[in-house]
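Here is a short note to read beside the model. Take the points in order and keep the 3D view open.

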Amino acid sequence: MILCFSGTGNSLYAAKFIAKIIDDKIVSINELIKTNSKGKILSDKPFVFVCPTYAWRIPNVVDKYIKQSVFEGNNKAYFILTCGGETGNAIYYIKKTCIEKELDFMGFSSVVMPENYILMFDAPDKIKAKEIIQKSASHIKNIAENIKEGKITPQPKIKFSDKLKSGIINKVFYKFIINAKGFYSTNDCIGCEKCTALCPLNNIKIKNKKPFWGSRCTHCMSCICGCPHSAIEYKNKTEGRSRNYNIGDHIQ
Ligand SMILES: Cc1cc2nc3c(=O)[nH]c(=O)nc-3n(C[C@H](O)[C@H](O)[C@H](O)COP(=O)(O)O)c2cc1C
Ligand code: SF4
Ligand code: SF4
């Protein structure tokens, strides 16, 4: 079973690619979190977790979801993190979670995809984004074939700076940076409620045809990148920045 969390579609693209090769189904962690579904997850094939990298680690919401769930059937687990470039020492924390959940850790792989964190960085334009996704195809294929053959993925080399990024800097990032307060809708908003539907944490409510953000946010970028009218901005950071959403869907 492939368990996928994805804010803007990069990880979903990788998950779909892997699903085709290993002939397995995808279960959306976004939906499981959104519908507050907890409990047993049963699979006779290995669990393959696919998600983005947030602050050099698996997103906190995904880690929390794994810790709250019970995995039965097969206990092997692979982890694939899509990223803009660096996953730091994410593997260390994934292994810890596996030990806690009695999952047999089979490997960690990172896949470079288009940067989506537009609250902090420029995202590539659509042409560049498609090029990055196309470039990742052979790497994703190798990962999937390894999983199909039941191979253990070789471990990445970890530097001291990686330990710092995934350790203390990750903690500071979640404490001081992750906040929904800066989101607002512009006059281009038509009140279609797509942002409400997209938010995995049910953090957006519509009142008088306008979205309002609550305090549960994990900066997944789904609302701001998925709005069909580009009618969402964040503080003074995002105006004019490209937004890519599910761009890889058309590529495979
Ligand atoms: C909150 C946040 C934090 C991120 N932190 C990192 C990071 O530490 N390293 C990295 O390479 N990319 C980072 N990124 C980029 C994403 O991991 C990357 O674009 C990913 O492919 C997005 O996947 P998705 O489209 O499935 O949500 C971050 C993105 C967000 C939204
Ligand atoms: S998705 Fe965009 S247009 Fe639709 S309600 Fe949300 S902000 Fe408005
Ligand atoms: S409010 Fe937007 S960025 Fe925050 S979790 Fe919901 S969809 Fe993601």
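How many nonpolar, polar and charged residues does the shell around ligand 3 have? Point 1 takes this up.

1. **Ligand 3.** The shell around ligand 3 holds ten nonpolar residues and four polar ones, and no charged residues. In total, 14 residues surround this ligand. The closest are Cys199, Cys217, Cys220, Ser222 and Cys223. Keep in mind that this is a predicted model.

2. **Ligand 2.** Next comes ligand 2, with 13 residues around it. Cys189, Cys192, Lys194, Cys195 and Cys227 are the closest. Sorted by class, the shell has eight nonpolar, three polar and two charged residues.

3. **Ligand 1.** Ligand 1 is surrounded by 24 residues. Find the closest ones in the viewer: Gly7, Asn10, Ser11, Pro52 and Cys83. Two elements give two or more residues to this shell, namely α1 (10-22) and β6 (76-83). Helix α1 provides the largest share, three residues. The classes here are twelve polar, ten nonpolar and two charged.

4. **Overall build.** The protein has eight helices and eleven strands. Its C-alpha atoms fill a box of roughly 50 × 40 × 40 Å along the principal axes. Why call the radius of gyration of 18 Å one that agrees with a compact globule? Because a compact globule of 252 residues would have a radius of gyration near 18 Å, and the protein has 18 Å.

5. **The open sheet.** Five strands make an open sheet, and their pairing is parallel. Read across, the order is β2-β1-β4-β6-β7. The edges are β2 (26-28) and β7 (104-112), each of which pairs on one side only. From one strand to the next, the twist averages 20°.

6. **One strand pair up close.** Look at β6 beside β7. These two strands pair in the parallel sense over eight bridges. For one example, take Leu81: its bridge partner in β7 is Ser110.

7. **A helix across the sheet.** Now return to α1, which also lines ligand 1. This helix lies across β1 (2-4), β2, β4 (47-52), β6 and β7. Its direction is at about 155° to β4. So that you can place it: β6, one of the strands under α1 in this list, is also named in the shell around ligand 1.

8. **Two domains.** The protein is divided into domain 1 (2-173) and domain 2 (179-234 + 241-250). Note that the second range comes in two pieces. The centres of the domains, taken over C-alpha atoms, are 23 Å apart.

9. **Where the domains touch.** The contact takes 24 residues from domain 1 and 20 residues from domain 2. On the domain 1 side, α1, α2 (29-34), α3 (60-68) and α5 (126-148) each supply at least two residues. Which of them gives the most? That is α5, with four residues. By class, the domain 1 side divides into twelve nonpolar, seven polar and five charged residues.

10. **A thread to follow.** Helix α1 is worth tracing through the whole note. It gives three residues to the shell around ligand 1. It lies across five named strands, β1, β2, β4, β6 and β7. It also supplies at least two residues of the side of domain 1 that touches domain 2.

Note on methods. Residues numbered from 1 in each chain as written. Chains lettered and ligands numbered in written order. Predicted model: local features only at pLDDT ≥ 70, side-chain atom pairs only at ≥ 80, totals over all residues. Near = placed C-beta within 6 Å. Nonpolar A, V, L, I, M, F, W, Y, C, P; charged D, E, K, R; others polar. Pairing = 2+ DSSP bridges. Axes fitted to C-alpha atoms, helices over the stretch in contact; angles between N-to-C directions. Contact = placed C-beta atoms within 7 Å. Domains from an automatic or database assignment. Rg over C-alpha atoms; globule rule 2.2 N^0.38 Å.
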